[in-house]
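Visitor: I should like to go through this model and ask, for each term, on what grounds it is applied.
Guide: Let us place the model before us and begin with the ligand.

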Amino acid sequence: MFKATFYPGPSRVYSNVTEYILDAYREGVLSINHRSEEFAELMIDLKSQLYNKLNIPADYEIAFASSATECWEMIAQSLIQKQSFHIFNGAFGEKWKTYTARVIDTMDHHSFDYQEELDVAALDLPEKTECLCITHNETSNGTQLSDASIHTLRKKYPDPLIAVDATSSMAGIALDFAVADVWFASVQKCFGLPAGLAVMILSPKAVARAVEVNENSRYNSLNFVLDNYRKNQAPYTPNVLNLYLLSRTMSKNKKIGDIDNKVEARYQDWCSHIESLSGLELMIKDEAIRSRTVLCVEGEPGLISEVKQEARKNGIIIGNGYGEWQSTTFRIANFPAIKSKEIANFQKFLSRKYS
Ligand SMILES: *Cc1c(COP(=O)(O)O)cnc(C)c1O
């Protein structure tokens with residue numbers, strides 16, 4: 001039986017993916033060499049689709065990696081020499097700090113209450129901070145940094161790089177890339193693709209910083225990686241199938257502004273639907289910091305576990321609560337690849353049983 005998944009990653013893939021996989025096989029894409037003319041053509045097309053559909057500034061560069069986790073490590077290796085600063089309110093932001101700590105010596109962090117907006121004015125960064133690491137959409141608790149707070153952060157700290165983990169929002173939410181230096185996301189969330197690929201977007205300042213740091217000792221050193229993608233090649237034999245799927249879905253998709261509108265409308269609809277249920281409510285109370293792409297629904301542990309089980313019996317997969325919120329919440333992905341009909345079915349199931 002086909003299951004409708006609302007898991008916030010890996011998540012539902014675009015339904016055209018089956019057709020594209022078949023095309024990839026028929027067109028011989030699965031066997032192309034990453035130094036070939038065909039690969040270069042694929043890369044040129046893919047990059048131009050990304051610039052166009054996601055509204056990436058023309059002077060920013062695009063690179064690829066295998067996962068968001070790899071991007072954390074690449075940033076620590078290639079863009080930071082001594083001091084990074086991590087700001088987070090949940091598990092993914094904190095994990096990023098832990099991964100960075102394995103590579104560099106000094107770091108500081110500011111953790112803030114997940115029910116509250118980040119207070120930029122209260123931040124006190126060490127003077128030598130080279131990179132400020134923030135999580136745009138905290139997938140573990142369903143919060144999102146407001147545009148205003150990222151802008152205020154940039155204004156207050158014009159010098160260090162700002163790196164943004166946008167894994168569960170890029171390609172779902174319209175991001176203002178110009179306000180930060182490094183943006184990255186793996187594709188198994190809002191991009192609606194199978195896991196195993198990540199997109200990295202870098203400002204001229206980030207690229208210049210990589211050159212200055214001059215770290216060249218790893219297979220995924222940023223300078224080496226960028227050199228390859230600039231030449232429309234890859235630093236190692238990459239996941240060509242996923243790169244191809246990304247170019248096909250991007251070329252078929254509307255521009256990010258339209259996708260953002262769709263995600264926002266569905267989010268509003270989800271909010272009023274959840275309000276109509278009894279015993280279940282949204283965990284994040286302030287609309288201004290609530291994620292548009294991952295909704296965290298809170299209730300008594302017994303009810304939470306019942307909803308998950310009952311939903312599963314009806315062919316609907318819901319995301320488990322994450323970490324400390326495991327038993328008191330479940331998560332609903334609001335990613336663009338999910339079908340309206342699947343949402344309608346899920347909502348009907350919820351109203352039937354829990355209103
Ligand atoms: C899912 C997720 C990650 C981890 O992604 P991988 O591709 O598994 O490395 C990192 N950060 C955020 C915010 C996520 O949602």
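Guide: A molecule sits in a pocket if more than half of its atoms lie within 2 Å of the grid points of that pocket. The model before us is predicted, and in it the ligand sits in the second largest pocket.

Visitor: What makes a residue part of the surroundings of the ligand, and how many residues surround it?
Guide: A residue counts as near if one of its heavy atoms lies within 4 Å of the molecule. In this model 13 residues surround the ligand, and T69, T139, D165, S186 and K189 are the closest. Helix α3, residues 68-78, supplies the largest share of this shell, namely three residues. By class, the shell divides into three nonpolar, eight polar and two charged residues.

Visitor: Why is the approach of the side chain of D165 to the ligand called a polar contact?
Guide: The cut-off for a pair of N or O atoms is 3.5 Å. A nitrogen atom of the ligand is 2.7 Å from an N or O atom in the D165 side chain, and the pair therefore qualifies. The side chain of K189 has an N or O atom 2.7 Å from an oxygen atom of the ligand, so this pair also meets the criterion. For Q188, a polar side-chain atom lies 3.1 Å from a ligand oxygen atom, which is within the limit as well.

Visitor: How much of the ligand does the protein bury?
Guide: Taken alone, the ligand exposes 390 Å², and the protein buries 86% of that.

Visitor: What makes β1 and β11 edge strands?
Guide: The sheet is open and has five strands in the order β1-β13-β14-β12-β11, with mixed pairing. Strands β1 (4-6) and β11 (281-282) each pair on one side only.

Visitor: How do you know that β13 and β14 pair?
Guide: Pairing requires at least two bridges between the strands. Strand β13 (residues 316-320) and strand β14 (residues 329-333) have two bridges, so they satisfy the requirement, and their sense is antiparallel. N320 stands opposite F330 in β14.

Visitor: Which peptide bond is cis, and where is its proline found?
Guide: The cis bond joins G9 and P10, with omega about -10 degrees. P10 is found in the loop between β1 and α1 (17-26).

Visitor: What is the phi value of N214, and where is its place?
Guide: N214 has a positive phi of about 55 degrees although it is not a glycine. Its place is the loop between α6 (204-213) and α7 (222-230). N232, another residue other than glycine, has a positive phi near 60 degrees, and is found in the loop between α7 and α8 (240-252).

Key
Residues numbered from 1 in each chain as written. Predicted model: local features only at pLDDT ≥ 70, side-chain atom pairs only at ≥ 80, totals over all residues. Heavy atoms only, no water. Polar contact = N/O pair within 3.5 Å; in protein donor to acceptor, adjacent residues only side chain to side chain. Areas by Shrake-Rupley, 256 points an atom, 1.4 Å probe, with all protein chains shown as cover. 1 Å grid on protein atoms, 1.4 Å probe; cavity = no way out; pocket = protein on both sides within 12 Å on 5 of 7 lines; lining within 4 Å. Helix = DSSP H or I, 4+ residues; strand = E, 2+ residues; numbered from the N terminus. Nonpolar A, V, L, I, M, F, W, Y, C, P; charged D, E, K, R; others polar.
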